Amino acid sequence: MTPRLRVPLLGTLGEEVDRGRRLRPITIVADPGDGAGVTSALLAAHAPRAGVVTVHPTPGSVSVSTLIADVMAALGCGVERASHEHVGGNEAGGRAVRSWILADNVAYLIVLRAHLLTGAQLAWLLWLRRATPVHLALIWHSGKQIRWSGIEAAALPHRLVPLSLLIDRLPRPVPNPAQPSRDLAAVPDSDAEKFLADAESRMPGEQFAAVRAEFVTGGERACAWIGEHTGLECAHRSGAPTPWRGEQDHILAERMLGTIARTQAAKSPIAILRSRGGDNDLTAWHEIIGLYRLLGHVVVDSPGMQTTITRLRGAQTALGEHGIDLQLPPNLAYMVGYAMSSTPLTTALVETIRARVANPVHAAAVVIGLFTGAGYTELNLIPHAGFTGDALIFAPTSINKFADVCVWTVPPIARPVIDAAITFGRSAPEPFARLLTGGVGSTGQILAETIRATAVPAPARHPWNRGWMWQTGMLWLGHQPRPPQIKKPTRRPDPLTFRRRHPNPFGGGGVIEERVPRAERIPPAERGRAVARPTEEQQASERRFPPEPHR
């Protein structure tokens, strides 16, 4: 059972004032002249990626639900589908806002027109300050005394500061990380030794330069992973059998072993491995988890299939210089799966999804479905514990071999969305059993509707054991990468009818074939007529025109 995250309960304005006395005081900026410069300066400081969110409440609104919608819109989320996604109420909407604030690490929440807030709205803002580490700043655009529903400013722990001091304390906007804009041209289907030579002979100079740069990127990322996870400086030809596994990798692999074993049958290899703890089996488990994470790290931000192939060939070459023979599938150029047939994520794409979705679980379902290309069954099985901070690790089905464990490296721009979904699901009155509960649907109908609402390109979906990473894991473990075959449905004759041949009653010779209902499937009222014996005239006709033998 998923443990529930404790969320503070919302109280009245007086109760929230008393409960927040031990917290950091709120900030109040007085603007008695209601100057346009104050409003424009604070709106210009709005930078959610930097942790600063400026909220302009809807004029004339007095309800808490409207203020929740205003804060959600300021966080970059769509509010049009809030009710449809079951986050339109105060309780669910408040949990959604809290989840987004925690996931985005919002440091400052600036609320304009604070002199128009009702007591209930201010109580909700004080609750949000108590439920999150956000610093609340209220802008009082009036010359009247600062008070809300009988609560004066003196009763509320606060600091009255000028606008300039508040602006100086705000974090500065951060630039978006550089991302590859487009995929490479078609690269040769060659092994690692001949890859660059074949690419140079077939491609123009500019295209080959781009291919060589991505090839080097793949090798550098593999070596960087070795240095980061082992704590040793990357030295080629070290001869280490598996240099990508460090102490933290062992801890993570064993923790995921216990997590997955609890969801598997008693006779599954995972449960057996967990119970006996053999050294050889544990080593194989650690290696396959580390290998999947390393390969995912190499191609996590790849813009397309050709870039993925090029980086994998570079990583294969770098591992070969460490004495590791990494075999990739022979038909790599025609494979599907993660970073091959999936949709690459960009900052603009994630922001588009968030701008049209309010529920964190629905947004996470779209994001995970895009960068993994996974099927609906696998998406419905992802547990909360499967998210390790940089990857999703879980058992999509019953594990027959260690390579069956599913490992998707999560792009950095998608991690806040998944964090928000976990917080939202675990803080529900009845915690969600899975990460994407309520965001996919048993047949994918909810996810398909959300994708249509966001208007993002949906990827082709393939099971984990059809992808290139699974085949690479099978080769690493010494198995043949043969995914289970899908049985095609056989066409059988209609069990409710049978074929009958009889002479042509209209003359001219020949016979007529027809489908006749079986007697046991015919209603009792018509059964006697259907199975009645032929008349003497029909028997004479059959003697003149005997039916042809069955061929």
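1. Two strands are taken to pair if DSSP finds at least two bridges between them. In this predicted model, strand β1 (residues 26-30) and strand β7 (residues 158-160) meet that criterion, pairing in the parallel sense over three bridges. Within β7, Leu160 is the bridge partner of Ile28.

2. Strand β1 also pairs with strand β4 (residues 135-140), again in the parallel sense, over four bridges. Here the bridge partner of Ile28 is Leu138. Ile28 thus has a bridge partner in β7 and another in β4. Burial of β1 is extensive: four of its five residues are buried, and the strand is mostly covered.

3. These pairings belong to an open sheet of five strands, in the order β2-β3-β4-β1-β7, with parallel pairing. Strands β2 (52-55) and β7 form the edges, each pairing on one side only. From one strand to the next, the twist averages 20°.

4. At the β2 end of the sheet, β2 pairs with strand β3 (residues 108-111) in the parallel sense over four bridges. Thr54 stands opposite Ile110 in β3. Helix α3 (residues 64-74) lies across both β2 and β3, and runs at about 140° to β2.

5. Turning to the aromatic side chains, the structure holds nine aromatic pairs. One of them joins Phe195 and Phe215, whose ring centres are 5.9 Å apart and whose planes lie at 15°; the pair is therefore stacked, since planes under 30 degrees apart count as such. Phe195 belongs to helix α7 (residues 192-202) and Phe215 to helix α8 (residues 205-230), so the pair ties together parts that are 20 residues apart in sequence. Both Phe195 and Phe215 are buried.

6. Tyr338 and Phe371 form an edge-to-face pair, at 6.4 Å centre to centre and with 80° between the planes. This pair links distant parts of the chain, 33 residues apart: Tyr338 is in the loop between α12 (305-321) and α13 (347-355), whereas Phe371 is in helix α14 (residues 360-372). Tyr338 and Phe371 are both buried.

7. Two further aromatic features deserve mention. Tyr292, Phe394, Trp408 and Trp464 form one aromatic cluster. In addition, Arg95 lies over the face of Phe424, at 4.3 Å from the ring centre.

Note on methods:
Residues are numbered from 1 along each chain as its sequence is written. This is a predicted model: local features need pLDDT of at least 70, side-chain atom pairs count only at pLDDT 80 or more; totals for chains, interfaces and linings use all residues. Side-chain values use heavy atoms; hydrogens and water are left out. Rings of Phe, Tyr and Trp (its six-membered ring) pair if their centres lie within 6.5 Å; planes under 30 degrees apart count as stacked, over 60 as edge-to-face and the rest as tilted. Helices (H or I, at least four residues) and strands (E, at least two) are DSSP runs, numbered from the N terminus. Buried means under 20% relative accessible area, exposed over 50%, partly exposed in between (1.4 Å probe, protein chains only). A charge sits over a ring if NZ of Lys or CZ of Arg is within 6 Å of the ring centre and within 35 degrees of the ring normal. Axes are lines fitted to C-alpha atoms, for helices over the stretch in contact, and angles run from 0 to 180 degrees between N-to-C directions. Contact means heavy atoms within 4.5 Å.
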